[in-house]
Amino acid sequence: QVQLVESGGGSVQAGGSLRLSCAVSGYTYTLAWFRQSPGKVREGVAVIYPGSGTAYYADSVKGRFTVAQDNAKNTRYLQMNSLKTEDTGMYYCAANKALIAPALILSPINYNYWGRGTQVTVSS
């Protein structure tokens, strides 16, 4: 069984930064960050393969968001810089015990473990 617990959300002004954490229990081959705002579909933001440390990013966050991991703490992080108002939403950590192919990693249907989410609000 895999359990995921997010933390680190909050309110920040545009241009600011936040770091989200995802505490993971159990081993996962693929771990991702998704976000969702009211009335919108859940969007894949960033993905990391914990074994290799290889990361992928949605075009909307490339150059601004970075995924990192602390294997000793079994925690993955999403560092978010240069935040924009459109980054507002509930951020979720998601995982799969299987290796998801890169072409499929930003689709939420490929993940079977989810955290409860942490809210990020970016104001202008």
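**Exercise 1. In this predicted model, find the salt-bridge partner of Lys 62 and say whether the two residues are buried or exposed.**

Solution. Start at the side-chain nitrogen of Lys 62 and look for a carboxyl oxygen within 4 Å, the cut-off for a salt bridge. Asp 59 turns up, with the closest N and O atoms 3.1 Å apart. Now check the surroundings: Lys 62 and Asp 59 are both exposed. Keep in mind that the structure holds four salt bridges, so there's still work to do.

**Exercise 2. Work out which residues are linked in a network of salt bridges, and which parts of the chain the pairs tie together.**

Solution. Take Asp 87 as your starting point.

- Step one: Asp 87 bonds to Arg 35 in a salt bridge whose closest N and O atoms are 2.8 Å apart. Asp 87 sits in the loop between strand 8 and strand 9 (89–96), while Arg 35 belongs to strand 4, so this pair ties together parts 52 residues apart in sequence.
- Step two: Arg 64 also forms a salt bridge with Asp 87, with a closest N and O distance of 2.7 Å. Since Arg 64 is in the loop between strand 6 (54–57) and strand 7, and Asp 87 in the one between strand 8 and strand 9, the parts tied together here are 23 residues apart in sequence.
- Step three: add Glu 43, and you have the whole network of Arg 35, Glu 43, Arg 64 and Asp 87.
- Step four: check burial. Asp 87 and Arg 35 are buried, and Arg 64 is buried too.

**Exercise 3. Follow strand 5 and its pairings: how many of its residues are buried, and which strands does it pair with?**

Solution. First, count the cover: strand 5 (residues 43–49) has seven residues, and six of them are buried. Next, look at strand 4, which pairs with strand 5 in the antiparallel sense over five bridges. Use Phe 34 to get the register; its bridge partner in strand 5 is Gly 44. Six residues separate the strands in this hairpin, and Gly 39 takes a positive phi near 80° there.

Then go to strand 6. It runs antiparallel to strand 5, and four bridges join the two. Here Tyr 49 has Thr 54 as its bridge partner. This pair of strands makes a hairpin as well, with four residues between them and a positive phi of about 80° at Gly 53 in the turn.

**Exercise 4. Write down the strand order of the four-stranded open sheet and say why strands 1 and 7 each have one side without a neighbour.**

Solution. Trace the pairing across the sheet: the order is 1-3-8-7, and the pairing is antiparallel. Strand 1 (3–7) and strand 7 (65–70) are at the edges with a single partner strand each, so one side of each lacks a neighbour in the sheet. On average, neighbouring strands here are turned by 20° against each other, direction ignored. For a closer look at one edge, take strand 7 with strand 8 (residues 75–80): they pair over six bridges, and Phe 65 stands opposite Met 80.

**Exercise 5. Step back: what does the whole chain look like, and which residues make a nonpolar surface patch?**

Solution. Count the elements: zero helices, eleven strands. For overall size, a compact globule of 124 residues would have a radius of gyration near 14 Å, and the chain's 13 Å agrees with that. The C-alpha atoms fill a box of roughly 40 × 30 × 25 Å along the principal axes, and 42% of the residues count as buried.

Finally, scan the surface. Tyr 27, Tyr 29 and Leu 99 make a nonpolar patch of about 360 Å². To place Tyr 27, look in the loop between strand 3 (18–25) and strand 4 (30–36).

Notes
Residues numbered from 1 in each chain as written. Predicted model: local features only at pLDDT ≥ 70, side-chain atom pairs only at ≥ 80, totals over all residues. Heavy atoms only, no water. Pairing = 2+ DSSP bridges. Axes fitted to C-alpha atoms, helices over the stretch in contact; angles between N-to-C directions. Patch = residues over 30% accessible without salt bridge, like charges linked within 9 Å, V, L, I, M, F, W, Y side chains within 5 Å. Areas by Shrake-Rupley, 256 points an atom, 1.4 Å probe, with all protein chains shown as cover. Rg over C-alpha atoms; globule rule 2.2 N^0.38 Å. Buried < 20%, exposed > 50% of the residue type's maximum accessible area, 1.4 Å probe, protein only.
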